[in-house]
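Welcome! Here is a short tour for anyone meeting this structure for the first time. Take a look at the model, then read on.

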Amino acid sequence: MIAGVRLIIIGRQGAGKGTQCQRMSRHYVVPHISTGDMLRAAVREGTTLGREAKAVIEAGSLVGDEIMIELVRGRLDQDDARTRGYILDGFPRTVIQAEALDVMTERHPIHAVIDLDVPRDLVIDRISARRTCRDCGTNYQARGAERHPWICDQCGGDVVQRDDDTREAVTRRLDLYESQTAPLLEYYASRDRLTVVDGRGTPDQVFHSLTAAIESARGSQ
Ligand code: AMP
């Protein structure tokens, strides 16, 4: 097992990113930094950031670049991320965020930028069935006959459907992904930094493809 890795995972919502990131976080023993989880925690806690972000998240829009960049700068500055590395999930989401991240990580560059690729129609089905632990963010797939709310296997929290996992908000987020986040792929691809991993297999197959891609990207540095 290789410890101490710095990764960016890009991909449509519902591509299985969160679950794979949690597993990689245990595998590489590095924190999983999900900006969506950080924002949802701020909303729950009712902080100034949370109050600002709530309506934006519910509408499926993007929180402003400046706010996001400062949020991530503060997080990457914490001891665990500085000493061990991290898996960035949900950031960067725009080219402006990517440029800011390049400056932030100049001294300790990112090892691999991965696009976890799952086609749009497939993720719409997956997100409609997605249920998420309110406390630890673990994702589950609903099969239609579950009790509400369920209890999370990981932490005992309530497992519910996210307010922004409605079909309208999902469609809007996917449109936004195409218009704002897809150019990120071009940003990294044109710098020869992007690895595309097929996210359509079983969770185990995808995990193995991800770790193989990461090890190959690290090996070539
Ligand atoms: P996620 O859990 O990654 O799907 O994020 C949930 C929501 O949080 C998104 O739909 C955005 O409203 C907001 N968000 C998360 N990360 C970012 C980011 N890097 N830039 C802007 N908004 C973000």
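Let us begin with a pocket. The residues that line the second largest pocket divide into six nonpolar, three polar and ten charged. Keep in mind that this is a predicted model. The volume of the second largest pocket is about 440 Å³. Its lining counts 19 residues, and those closest to its centre are Arg40, Arg44, Arg134, Arg162 and Asp163.

Which elements supply at least two residues each of this lining? They are α2 (35-45), α3 (48-58) and β5 (130-133). The largest share, five residues, comes from α2. Where does the second largest pocket lie with respect to the domains? Both domain 1 (5-118 + 166-219) and domain 2 (119-165) give residues to the lining, so the pocket lies between them.

Next comes the sheet that includes β5. This open sheet has four strands in the order β6-β5-β8-β7, and their pairing is antiparallel. Because β6 (139-141) and β7 (150-151) each have a single partner strand, they stand at the edges, and one side of each is left without a neighbour in the sheet. Strand β7 is joined by two bridges to β8 (residues 158-160), and these strands run antiparallel. Across this pair, isoleucine 151 stands opposite aspartate 158 in β8.

Now to the ligand. There are 17 residues around the ligand, and the nearest are Thr35, Arg40, Ser61, Gly90 and Gln97. Arg40 was met before, as one of the residues closest to the centre of the second largest pocket. The table lists contacts between the ligand and backbone N or O atoms of the protein.

| Residue (backbone N or O atom) | Ligand atom | Distance |
|---|---|---|
| Serine 61 | oxygen | 2.5 Å |
| Valine 63 | nitrogen | 3.1 Å |
| Glycine 90 | nitrogen | 2.8 Å |

Two details of the backbone round off the tour. Most residues other than glycine have a negative phi, and most peptide bonds are trans. Is the peptide bond from phenylalanine 91 to proline 92 cis or trans? This bond is cis, with omega near 0°. Proline 92 has its place in the loop between β3 (86-89) and α6 (95-104). The other detail is at valine 29, where phi is near 55°, a positive value in a residue other than glycine. Valine 29 is found in the loop that lies between α1 (17-28) and β2 (32-34).

Note on methods
Residues numbered from 1 in each chain as written. Predicted model: local features only at pLDDT ≥ 70, side-chain atom pairs only at ≥ 80, totals over all residues. Heavy atoms only, no water. Pairing = 2+ DSSP bridges. 1 Å grid on protein atoms, 1.4 Å probe; cavity = no way out; pocket = protein on both sides within 12 Å on 5 of 7 lines; lining within 4 Å. Points joined across faces, edges and corners; volume = space filled by probe spheres on them. Nonpolar A, V, L, I, M, F, W, Y, C, P; charged D, E, K, R; others polar. Domains from an automatic or database assignment. Near = heavy atom within 4 Å. Polar contact = N/O pair within 3.5 Å; in protein donor to acceptor, adjacent residues only side chain to side chain.
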